[in-house]
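User: Please take a close look at one part of this model, the hairpin and the strands that form it. I would like to know how it is built and what lies around it.

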Amino acid sequence: MSVVGVTLALVAYTVYDEDLSPQSPEQSQVTLARVMEVMDANNLGNVHGGVIMRAVDTTAGTCATRQCGGPAVTAFMDEMAFLEPVRIGDILTTMASVNWTGRTSLEVGVRVEAQRYGEVQPTHVGSAYLVFVAIADDGTPRRVRPIAPETDVDMRRFREAEIRRESRLARRTAIRKFRAIR
Ligand SMILES: CC(C)(COP(=O)(O)OP(=O)(O)OC[C@H]1O[C@@H](n2cnc3c(N)ncnc32)[C@H](O)[C@@H]1OP(=O)(O)O)[C@@H](O)C(=O)NCCC(=O)NCCS
């Protein structure tokens with residue numbers, strides 16, 4: 001079978017894990033790391049924000065997929081803080097963990113660190129929060145396996161994610177109302 005044939009076969013056959021029993025956030029956590037190269041940076045040697053966002057999206061998407069037991073699409077990436085510059089030669093590490101789950105959506109938080117050449121302690125260079133929606137073969141939302149927060153940190157992240165969700169939904173409602181009366 002050709003490469004295209006194999007790819008099409010994989011796309012056409014999606015395996016779902018239908019188990020909806022709650023699991024701790026630890027079970028779907030994902031960490032990815034990559035050395036930053038010249039092609040990742042601008043002329044000053046600083047890594048482009050888009051390169052970091054791509055790493056964030058890939059790590060968070062992998063974490064969401066593990067939680068959902070099937071495909072999940074990025075629905076919102078509405079909070080991304082760039083705290084310190086990342087430079088060529090740094091090892092960029094992205095760590096993703098599920099903060100909150102709803103019926104078909106979930107929020108994933110990502111911590112971004114850079115290990116500078118010659119330094120022992122990694123530097124916290126960014127944080128992001130993304131919402132994913134689990135989808136079925138026809139692209140419609142499907143049920144997400146719930147998380148069961150266990151530690152104090154899990155509980156804090158769950159509650160803070162609820163606060164962010166409330167403000168996302170309130171913003172959407174306010175914009176819809178504004179458009180309706182314009
Ligand atoms: C994401 C997508 C599947 C949602 O479809 P939809 O028909 O709008 O879905 P719904 O309105 O039923 O909402 C699905 C979930 O998103 C949540 N949601 C919707 N709008 C939201 C908002 N503004 N903020 C937070 N959550 C929101 C809903 O509450 C629901 O979650 P819940 O079931 O846990 O309560 C659809 O918009 C899509 O396919 N988008 C393109 C995704 C994509 O291509 N991403 C990039 C590549 S991966």
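Analyst: Strand 3 and strand 4 make a hairpin, with three residues between the two strands. The model is a predicted one. Strand 3 covers residues 91-101, and strand 4 covers residues 105-115. The two strands run antiparallel and are joined by ten bridges. Two pairs place the register: Val98 of strand 3 stands opposite Val108 in strand 4, and Thr101 has Leu106 in strand 4 as its bridge partner.

Burial comes next. Of the eleven residues of strand 3, eight are buried, so strand 3 is largely enclosed by the rest of the structure. The count for strand 4 is also eight of eleven, so strand 4 is likewise largely enclosed. The cut-off behind these counts is 20 or more other C-beta atoms within 10 Å of the residue's own. For the protein as a whole, buried residues make up 27% of the 182 residues.

Each strand of the hairpin has a further partner. Strand 3 is joined to strand 1 (residues 30-35) by six bridges, and these two strands run antiparallel. In that pairing Ala33 stands opposite Thr93 of strand 3. Strand 4 pairs with strand 5 in the antiparallel sense over ten bridges. There, the bridge partner of Ala114 is Thr123 in strand 5. Strand 5 (123-134) in turn is joined to strand 2 by nine bridges, again antiparallel, with Ala72 opposite Ala134 in strand 5.

Put together, the five strands form an open sheet in the order 1-3-4-5-2, with antiparallel pairing. Strand 1 and strand 2 are the edge strands, each pairing on one side only. On average, neighbouring strands of this sheet are turned by 20° against each other, direction ignored. As a general point, strands of a sheet pair through backbone hydrogen bonds, either parallel or antiparallel.

Two helices lie across the hairpin strands. Helix 2 (residues 49-68) lies across strand 1, strand 2, strand 3, strand 4 and strand 5, and runs at about 45° to strand 3. Helix 3 lies across strand 2, strand 3, strand 4 and strand 5, and its angle to strand 3 is about 80°. Helix 3 (152-181) has 30 residues and reaches 44 Å from its first C-alpha to its last, close to the 44 Å expected at 1.5 Å a residue. Two of the 30 residues of helix 3 are buried, so helix 3 lies largely in the open, whereas strand 3 is largely enclosed.

The ligand can be placed relative to these elements. The shell around the ligand holds 17 residues, and the closest are Gly102, Arg103, Thr104, Ser105 and Arg168. Ser105 belongs to the range of strand 4, residues 105-115. Arg168 falls in the range of helix 3 (152-181). Strand 2 (72-82), strand 5 and helix 3 each supply at least two residues of the shell. By residue type, the shell divides into eight nonpolar, five polar and four charged.

On the other side of strand 3 in sequence is the loop that joins strand 2 to strand 3, and Pro85 is found in that loop. Pro85 has 14 C-beta neighbours inside 10 Å and therefore counts as partly exposed. The C-alpha atom of Pro85 is separated by 39 Å from that of Thr14, with their positions 71 residues apart along the chain.

For the wider context, the protein has three helices and five strands, and from the N terminus on its elements run α-β-α-β-β-β-β-α. Among contacts between residues at least 6 apart in sequence, 73% join residues at least 24 apart. The C-alpha trace spans about 55 × 45 × 45 Å along its principal axes.

Key: Residues numbered from 1 in each chain as written. Predicted model: local features only at pLDDT ≥ 70, side-chain atom pairs only at ≥ 80, totals over all residues. Near = placed C-beta within 6 Å. Helix = DSSP H or I, 4+ residues; strand = E, 2+ residues; numbered from the N terminus. Nonpolar A, V, L, I, M, F, W, Y, C, P; charged D, E, K, R; others polar. Buried ≥ 20, exposed ≤ 12 C-beta atoms within 10 Å, placed from the backbone. Pairing = 2+ DSSP bridges. Axes fitted to C-alpha atoms, helices over the stretch in contact; angles between N-to-C directions. Contact = placed C-beta atoms within 7 Å. Expected span 1.5 Å × (residues − 1).
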